Amino acid sequence: MKTILITNDDGIHSPGLSALKTALIQLGTVITIAPDRDNSAISHALTMNRPLLLKELEKDTYCLNGTPTDCVAIGLNKVIGHQPDLLVSGINSGPNLGDDISYSGTVSAAIEGTMYSVPSLAISLANPDLQGFTAAETIVRKLALKTMQHGLPADTLMNINIPANRTIKGIRVTRQGRRIWKQSIQEIKDPSGKIHYWIGGGLPLMDAGKDTDVHAVESGYISITPIHLDRTNHEGISYFKEDLLLEELNHSPDPFSTSE
């Protein structure tokens, strides 16, 4: 019997998490460990300044007063007595494309699973209504089954984004694009006239590359992107060594002196 750990960043009561469990329950034992509240855009945060409380709501279903990354770490180290066969994070309400990946709690939970060498999927839905979640269940089940059968490359997670279109055109394997938000910080005033700032909204400036996750979803395709844990720019290593000559600083007089 396969063991599948699921989590999310929208919270234990989100319809996406319920749809995810429904999609995977036929494939093995599904253990749910999710935050007790919305943790969207919390990225890869770990809670280290207070203790965490894990509550068992029913058999194999838990909520935690922490982040998605907390849920995965505690689930793998304290709840499940063995290495699970799969970790799936989602189904997120809204896409996680381009630069949004850096902020996403959904993707970060899959990153944490990948760090523990568990094949991990992050799944997001551009049209987060009940009909959309139901349509996503078949896709999730097929990708989960294929992953458990064949595995994933080392240190690599699968980031899946399902478009809003009712008629999905197909699947595209993509690279991470760019999606930067313009005018995303709103300035508001409280009743006393003090200025406050609200981050969110705005207009997305998108990478037009046809091989990107952004373009695929905008065109009505499911985007599947391999995300690697190694963020090193390997071309940048040569630039730092040969153009900036950073290592030559080792040979200058008093190279690490604090006085100039």
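Is Lys-21 buried, partly exposed or exposed? At 25% relative accessibility, Lys-21 counts as partly exposed. I should say at the outset that we are looking at a predicted model.

Lys-21 brings me to helix α1, which covers residues 15-24. Within this helix, Gly-16, Leu-17, Ala-19, Leu-20, Ala-23 and Leu-24 are buried. When one looks down the axis of α1, these buried residues fall within an arc of 160 degrees, so they line one face of the helix.

I turn now to the salt bridges. The structure holds four of them, and I shall discuss three, including one that involves helix α1.

In that pair, Lys-21 is the partner of Glu-58, with 3.8 Å between the closest N and O atoms. The contact links distant parts of the chain: Lys-21 belongs to helix α1 and Glu-58 to strand β3, residues 54-58, with the two 37 residues apart. Glu-58 has a relative accessibility of 47% and therefore counts as partly exposed.

The next pair joins Asp-36 and Arg-37, whose closest N and O atoms lie 3.0 Å apart. Asp-36 is partly exposed, at 26% relative accessibility, whereas Arg-37 is exposed, with a relative accessible area of 55%.

The last pair I shall describe is formed by Asp-99 and Arg-178, and here the closest N and O atoms are 2.9 Å apart. This pair, too, links distant parts of the chain, its members being 79 residues apart. Asp-99 sits in the loop between β5 (86-93) and α3 (105-115), and Arg-178 sits in the loop between β8 (170-173) and β9 (179-182). How do the two stand in accessibility? Asp-99 counts as buried, at 18% relative accessibility, while Arg-178, at 44%, counts as partly exposed.

Finally, the cysteines. How many disulfides does the structure hold? The number is zero. Why do Cys-63 and Cys-71 not form a bond? The sulfur of Cys-63 has its closest cysteine sulfur in Cys-71, and the distance of 8.6 Å is too far for a bond. For comparison, a disulfide requires the two sulfur atoms to be within 2.5 Å. Seen from the other side, Cys-71 likewise has Cys-63 as the residue with the closest cysteine sulfur. Both residues are in the buried class: Cys-63 has a relative accessibility of 8%, and Cys-71 has one of 1%.

That concludes my remarks; I welcome discussion.

Conventions
Residues are numbered from 1 along each chain as its sequence is written. This is a predicted model: local features need pLDDT of at least 70, side-chain atom pairs count only at pLDDT 80 or more; totals for chains, interfaces and linings use all residues. Side-chain values use heavy atoms; hydrogens and water are left out. Buried means under 20% relative accessible area, exposed over 50%, partly exposed in between (1.4 Å probe, protein chains only). Helices (H or I, at least four residues) and strands (E, at least two) are DSSP runs, numbered from the N terminus. The arc is that of the directions from the helix axis to the C-beta atoms. A salt bridge is a side-chain nitrogen of Lys or Arg within 4 Å of a carboxyl oxygen of Asp or Glu.
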